[in-house]
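Work through the exercises below with the sequence and the coordinates open. Each task is followed by a solution in steps.

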Amino acid sequence: PTFSLVNEYHTTTGEVMYHFDFYRIKLESEALDMGIDEYLYSDNYCFIEWAEKIPNLIPEKHSIVNLKVLENGDRKLEIYM
């Protein structure tokens with residue numbers, strides 16, 4: 001099956017956001033080959049799933065967003081700046 005490593009979205013105010021899904025990548029070099037550094041330093045929002053697959057490429061200044069499903073089915077959003 002095909003999948004997108006990156007999807008581009010536009011907010012209602014015209015800002016650009018990128019969503020990355022690195023579940024299927026094996027090496028950090030794959031992210032470099034697709035130009036991840038240009039996205040990360042573009043001054044646009046970048047949301048990365050499976051960021052642990054590219055630990056050496058994540059900028060020093062970043063935030064972490066965790067979404068947890070609680071036992072009762074509710075969701076808890078945690079943001080670490």
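The exercises that follow concern a predicted model.

**Exercise 1. Overall layout**

Task: Give the secondary structure content of the protein chain, the order of its elements, its extent and its buried share.

Solution:
- Step 1. Counting elements gives two helices and five strands.
- Step 2. Reading along the sequence, the pattern is β-β-α-α-β-β-β.
- Step 3. The C-alpha trace spans about 40 × 35 × 30 Å along its principal axes.
- Step 4. The chain has 81 residues, and 17% of these count as buried.

**Exercise 2. The three-stranded sheet**

Task: Determine the strand order of the open sheet and the direction of each pairing in it.

Solution:
- Step 1. The open sheet consists of three strands in the order S1-S2-S3, with mixed pairing.
- Step 2. Strand S1 (6-10) and S3 are the edge strands, each pairing on one side only.
- Step 3. On average, neighbouring strands of this sheet are turned by 20 degrees against each other when direction is ignored.
- Step 4. S1 and S2 run antiparallel and are joined by five bridges. In this pairing, Asn 7 stands opposite His 19 in S2.
- Step 5. S2 and S3 run parallel, again with five bridges between them. Here Tyr 18 stands opposite Cys 46 in S3.
- Step 6. The mixed character of the sheet can be read from an antiparallel pairing of S1 with S2 and a parallel pairing of S2 with S3.

**Exercise 3. Two hairpins**

Task: For the hairpin of S1 and S2 and the hairpin of S4 and S5, state which glycine takes a positive phi.

Solution:
- Step 1. The hairpin of S1 and S2 has five residues between the strands, and Gly 14 takes a positive phi near 90 degrees there.
- Step 2. S4 and S5 run antiparallel and are joined by six bridges. One bridge pair is Asn 66 with Glu 78 in S5.
- Step 3. The hairpin of S4 and S5 also has five residues between its strands, and the residue with positive phi is Gly 73, near 95 degrees.
- Step 4. Gly 73 is found in the loop between S4 and S5. With a relative accessible area of 37%, Gly 73 is partly exposed.
- Step 5. To place this loop against a residue of the other hairpin's strands, take Asn 7: its C-alpha atom and that of Gly 73 are separated by 28 Å, the two residues being 66 apart along the chain.

**Exercise 4. Salt bridges**

Task: How many salt bridges does a search of the whole structure find, and which residues do they link in a network?

Solution:
- Step 1. The search finds two salt bridges.
- Step 2. In one, Glu 78 pairs with Lys 68, and the closest N and O atoms are 3.6 Å apart. Glu 78 lies in strand S5 (residues 75-80) and Lys 68 in strand S4 (residues 64-69), so this pair ties together parts that are ten residues apart in sequence.
- Step 3. Glu 78 also forms a salt bridge with Lys 76, with the closest N and O atoms 3.6 Å apart.
- Step 4. Check the distances against the cut-off: a salt bridge requires the nitrogen within 4 Å of the carboxyl oxygen. The 3.6 Å of Glu 78 to Lys 68 meets it, as does the 3.6 Å of Glu 78 to Lys 76.
- Step 5. Lys 68, Lys 76 and Glu 78 are thus linked in a network of salt bridges.
- Step 6. Now add accessibility, where buried means under 20% relative accessible area. Glu 78 is at 12% and counts as buried. Lys 68 is partly exposed at 43%, and Lys 76 is partly exposed at 41%.

**Exercise 5. The largest pocket**

Task: Describe the volume and the lining of the largest pocket.

Solution:
- Step 1. The largest pocket holds about 1,000 Å³ of space.
- Step 2. Its lining comprises 24 residues, and those nearest the centre are Cys 46, Phe 47, Ile 48, His 62 and Ser 63.
- Step 3. The elements giving two or more residues to the lining are strand S2 (16-21), strand S3 (45-49) and S4.
- Step 4. S3 gives the most, with five residues.
- Step 5. By residue class, the lining divides into 14 nonpolar, five polar and five charged residues.

Technical notes. Residues are numbered from 1 along each chain as its sequence is written. This is a predicted model: local features need pLDDT of at least 70, side-chain atom pairs count only at pLDDT 80 or more; totals for chains, interfaces and linings use all residues. Side-chain values use heavy atoms; hydrogens and water are left out. A salt bridge is a side-chain nitrogen of Lys or Arg within 4 Å of a carboxyl oxygen of Asp or Glu. Helices (H or I, at least four residues) and strands (E, at least two) are DSSP runs, numbered from the N terminus. Buried means under 20% relative accessible area, exposed over 50%, partly exposed in between (1.4 Å probe, protein chains only). On a 1 Å grid over the protein atoms alone, a cavity is a set of points where a 1.4 Å probe fits but cannot get out, and a pocket is an open set with protein on both sides within 12 Å along at least five of seven lines; lining residues have an atom within 4 Å of a point. Grid points are joined across faces, edges and corners, and a volume is the space filled by probe spheres set on the points. Ala, Val, Leu, Ile, Met, Phe, Trp, Tyr, Cys and Pro count as nonpolar, Asp, Glu, Lys and Arg as charged, and the others, Gly among them, as polar. Two strands pair if DSSP finds at least two bridges between them. Axes are lines fitted to C-alpha atoms, for helices over the stretch in contact, and angles run from 0 to 180 degrees between N-to-C directions.
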